[in-house]
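Student: I'm new to this one. Could you walk me through it, a question at a time?

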Amino acid sequence: VERTDPDTAMSSEQWAEAYAQLARESEFTPLPGGAEIDRLQRSGPAELSNALLVGFACTVFAVQRTPGVSVKTFEFLEDWNYLANFAFTLDYLARWWSRGLKLSYIFTPAMVFDLVSILPFILGPFVPELRGVELNFLKLLRVLRVYRLFKPQALQDMARLLFPVFGTGLDKFLAEVRPYQLQVVRTFGVLFTLVFITAGLVYEAEHDVNQQFQDFFSALYFSVVALSTVGFGDMVPVTAAGRAVTVVSIVVGLCIIPYQASLVAAAVAEEQQKGEQKRNPAMADTNAEALLTYLEQSRAQLAWDAARIAELEDREREERARVAALEEEARSSANEQRHG
């Protein structure tokens with residue numbers, strides 16, 4: 001029996017066919033190993049590994065920009081940050097390879113963000129102005145794909161794949177995780193991404209010229225205050241880039257934060273409704289009976305409306321025939337008067 005990948009739910013042959021169809025639709029020439037690379041990068045474990053690496057890189061970014069970090073610690077973290085950026089560059093090139101090195105593919109939004117995130121690493125040795133600049137925290141935008149796995153069934157499948165030794169014990173634990181709890185995690189992840197990216201961009205724009213943003217956590221504080229629209233006014237960006245980042249982030253936050261809050265509220269309300277139905281089964285029966293009654297009433301109303309429409313259509317045809325007869329009679333009278 002052909003083994004099926006639980007993340008793609010496709011056999012190797014099915015994936016190859018789907019990849020070939022994608023190549024035809026996107027008009028690129030598949031390169032050797034392209035289908036395998038594409039499948040690997042789309043798999044849950046690969047996306048989770050990428051998310052962990054991004055989390056590590058963001059932690060290094062924050063710690064390196066914290067006051068009191070020794071030179072030895074900074075250099076140690078810098079070596080690991082170099083390896084992380086190297087891995088991000090390989091991932092970028094592999095994704096481009098999986099699309100046949102098609103030039104237009106690198107201008108898609110995801111590839112543009114990824115390129116910007118690794119550009120200081122690539123050009124730093126040749127452009128002195130980019131040395132010390134770090135933008136790999138923009139990779140957090142790609143981590144948002146991982147949150148699709150934070151659904152009950154997807155999470156259980158991923159856990160079985162990554163931790164098969166725990167067996168049924170892990171299944172029982174995950175069975176207790178409620179959908180609204182996963183929605184809270186997803187919402188927190190989205191908001192954290194927005195806050196962290198805003199803080200990183202504001203720090204990179206301001207720390208050289210603004211004494212208020214000399215460490216990352218000051219920028220993080222400003223990001224939280226700005227995006228929550230509290231606006232204490234104790235910290236203010238002075239560069240055009242810092243102000244532009246702040247304005248764009250606040251506008252995006254005004255769109256995203258209420259939407260994410262509504263998702264949490266809907267998930268909690270749904271969980272409460274399920275709890276009420278479990279505690280009071282009669283309520284579920286009552287709701288089902290009410291729904292059936294409503295459907296029967298709607299069907300009766302639709303039947304009455306259909307009969308009424310048919311009656312009106314008959315009247316319309318009669319009126320049209322009467323008007324046509326009157327018009328014919330009027331024309332006959334007019335002809336008789338002219339000949340008379």
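Student: What is the mean pLDDT of the protein chain?

Tutor: This is a predicted model, where local features need pLDDT of at least 70, side-chain atom pairs count only at pLDDT 80 or more, and totals for chains, interfaces and linings use all residues. Residues are numbered from 1 along each chain as its sequence is written, and side-chain values use heavy atoms, with hydrogens and water left out. pLDDT is the predictor's confidence in each residue, from 0 to 100. In the protein chain 92% of residues reach 70 or more, and the mean is 85.

Student: In which helix is confidence highest?

Tutor: Helices here are DSSP runs (H or I, at least four residues), numbered from the N terminus. At the low end is α7 (residues 152-162), with a mean of 69. The highest mean, 94, belongs to residues 71-98, and that's helix α4.

Student: How many contacts does the stretch of residues 1-8 have in the model, beyond near neighbours in sequence?

Tutor: Take care here, as the pLDDT is below 50 over residues 1-8. Contact means heavy atoms within 4.5 Å. Beyond near neighbours in sequence, the count for this stretch is 18.

Student: How far apart are the end C-alpha atoms of α4?

Tutor: Let's work out what to expect: the span of a helix should be 1.5 Å times one less than its number of residues. α4 has 28 residues, so it should span 40 Å. The model agrees, with the end C-alpha atoms separated by 40 Å.

Student: Which elements help cover the buried residues of α4?

Tutor: Buried means under 20% relative accessible area, exposed means over 50%, and partly exposed is in between (1.4 Å probe, protein chains only). Among the buried residues of α4 are Leu77, Asn81, Phe88, Tyr92 and Ser98. Their cover includes α1 (12-26), α2 (34-42), α3 (44-64), α5 (109-123) and α6 (140-143).

Student: Is α4 oblique or roughly parallel to α5?

Tutor: Axes are lines fitted to C-alpha atoms, for helices over the stretch in contact, and angles run from 0 to 180 degrees between N-to-C directions. Angles under 35 degrees count as roughly parallel, over 145 as roughly antiparallel, 65 to 115 as roughly perpendicular and the rest as oblique. α4 and α5 pack at about 140°, with axes 10 Å apart. That makes the pair oblique.

Student: Which residues of α5 make the contact with α4?

Tutor: On the α4 side, the residues include Tyr82, Phe86, Thr89 and Trp96. Across from them, α5 brings Met111, Asp114, Leu115, Ile118, Phe121 and Ile122.

Student: What is the handedness of the crossing of α3 and α4?

Tutor: α3 and α4 pack at an angle of about 145°, and their axes are 10 Å apart. Residues such as Asn50, Val54 and Phe56 in α3 are on one side of the meeting, with Phe74, Trp80 and Ala84 among those in α4. A crossing is left-handed if the near helix is turned anticlockwise from the far one by less than a right angle, and right-handed if clockwise. This one is left-handed.

Student: What is the phi of Leu101 near, and why is Leu101 partly exposed?

Tutor: Leu101 sits in the loop between α4 and α5. Its relative accessible area is 40%, so Leu101 counts as partly exposed. Although Leu101 is not a glycine, its phi is positive, at about 55°.

Student: Is Glu27 buried or exposed?

Tutor: You'll find Glu27 in the loop between α1 and α2. Glu27 is not a glycine, yet its phi is positive, near 60°. With a relative accessible area of 66%, Glu27 is exposed.

Student: How far apart in space are Ala46 and Val146, C-alpha to C-alpha?

Tutor: Ala46 is in helix α3, and at 22% relative accessibility it counts as partly exposed. Leaving out residues up to four places away in sequence, Ala46 touches Leu40 and Gln41. Ala46 and Val146 are 100 residues apart in sequence, but C-alpha to C-alpha the separation is 9.8 Å.

Key
Helix = DSSP H or I, 4+ residues; strand = E, 2+ residues; numbered from the N terminus.
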